[in-house]
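Got your viewer open? Load the model below and follow along, one selection at a time.

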Amino acid sequence: MRLQANPVRCALFLLLVMGLCGCLPSGHSPLDEEKEPHFLAGKSRVNTLDYQGAIECFEKALEANPRSALAHFEAGLLYEKHKMDHAAAIYHFERFLELRPGSGYAEVVRQHILACKQELAKTVSLGPVTQSLQREFEQLTQQNKVLQEEVAMWRAKARTQGTAEPIRTEAASTRNTAAPLPLYPLRRSVPRHHSRTRATLPAGPEQPPGKYIS
């Protein structure tokens, strides 16, 4: 009879032992979370600027008590500010809001989540970059470099020609002014019909005789 009546008591006893061992979610208050040894060690590591060690301590505090909202909050801050792991920071901040939806820090935590999401959006690519696209991009970059070098070369050549041209022009003008003038005027060809007209004109009247001086 004693063995038949004991199973219920044994089950209750096992549940009590499991709860004391931390196997079941415990209703720790924020004050209890702050007294947790790993949480205290994490705060001490933060004061000494050992941020990686602090993260490890807060993770251990969460292993001991997964419902420690304060440990999630501290871990989220460290992941955001010092590890630059914004995805992990968002996870811990969201867990804090699930555990403490009415907390006075809820709005501040939401702002941290928004900032982390914005940082993640900056790292998201518009599309997958395949090897062929990467090769095409490298080829275009090389072609652009060659074209820029050619343009620079042609510009330098144009500047050189621009400075040399006035010298050649001045030399040519000097040669033109220094050339000797012709000794006699050039004869212009007279059309044949002019000579014929002059030959067929009638003789004019004779001039009156002049006075002779003795």
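Before picking anything, check for disulfides: there are zero in this structure. Keep in mind that this is a predicted model. Two cysteines are still worth a click. C57 counts as buried because its relative accessibility is 10%, under the 20% cut-off. C116 is buried too, with a relative accessibility of 0%.

**The whole fold**

Now switch to cartoon and colour by secondary structure. You'll see nine helices and zero strands, so reading from the N terminus the elements go α-α-α-α-α-α-α-α-α. Colour by accessibility instead, and the buried residues come to 17% of the 214 in the protein. If you like contact maps, take the contacts with a separation of 6 or more: 46% of them join residues 24 or more positions apart.

**The aromatic rings**

Next, show the side chains of Phe, Tyr and Trp. Across the whole structure, a search turns up four aromatic pairs. Select F73 and Y105 for one of them: the ring centres sit 6.0 Å apart and the planes make an angle of 45°, a tilted pair. Where do the two partners of this pair sit in the chain? F73 belongs to helix α5 (residues 69-81), while Y105 lies in the loop between α6 (86-99) and α7 (106-122), so the pair links distant parts of the chain, 32 residues apart.

Turn on a surface for these two. Is F73 buried or exposed? F73 is buried, because its relative accessibility of 14% falls under 20%. Y105 is exposed, because its 54% is over the 50% mark.

Keep both rings on screen and add F93 and F96. Ring pairs tie F73, F93, F96 and Y105 into a cluster.

**Helices α3 and α4**

Hide the rings and select residues 37-47 and 51-64, which are helix α3 and helix α4. Their axes come within 8 Å and cross at roughly 165°. The two helices are therefore roughly antiparallel, since angles over 145 degrees get that label. The crossing is left-handed.

To see what makes the contact, show these as sticks:

- On α3: H38, F39, A41, G42, K43, R45 and V46.
- On α4: Y51, G53, A54, C57, F58, K60 and A61.

C57, from the opening stop, turns up again here on the α4 side. Now zoom in on G53, which is placed in helix α4. G53 is buried, because its relative accessible area is 6%, below the 20% limit. Draw a distance from its C-alpha to that of A41: the two atoms are 8.9 Å apart, with their positions 12 residues apart along the chain.

**Two loops with positive phi**

One last stop, in the loops. Most residues other than glycine have a negative phi. Which residue in the loop between α3 and α4 should you pick? Go for L49, a residue other than glycine whose phi is positive, near 65°. L49 is exposed, because its relative accessible area is 57%, over the 50% cut-off.

Then move along to the loop between α5 and α6 and click M84. M84 isn't a glycine, yet its phi is positive at about 55°. With 52% relative accessibility, M84 counts as exposed.

Definitions and conventions
Residues are numbered from 1 along each chain as its sequence is written. This is a predicted model: local features need pLDDT of at least 70, side-chain atom pairs count only at pLDDT 80 or more; totals for chains, interfaces and linings use all residues. Side-chain values use heavy atoms; hydrogens and water are left out. A disulfide is a pair of cysteine sulfur atoms within 2.5 Å. Buried means under 20% relative accessible area, exposed over 50%, partly exposed in between (1.4 Å probe, protein chains only). Rings of Phe, Tyr and Trp (its six-membered ring) pair if their centres lie within 6.5 Å; planes under 30 degrees apart count as stacked, over 60 as edge-to-face and the rest as tilted. Helices (H or I, at least four residues) and strands (E, at least two) are DSSP runs, numbered from the N terminus. Axes are lines fitted to C-alpha atoms, for helices over the stretch in contact, and angles run from 0 to 180 degrees between N-to-C directions. Angles under 35 degrees count as roughly parallel, over 145 as roughly antiparallel, 65 to 115 as roughly perpendicular and the rest as oblique. A crossing is left-handed if the near helix is turned anticlockwise from the far one by less than a right angle, and right-handed if clockwise. Contact means heavy atoms within 4.5 Å.
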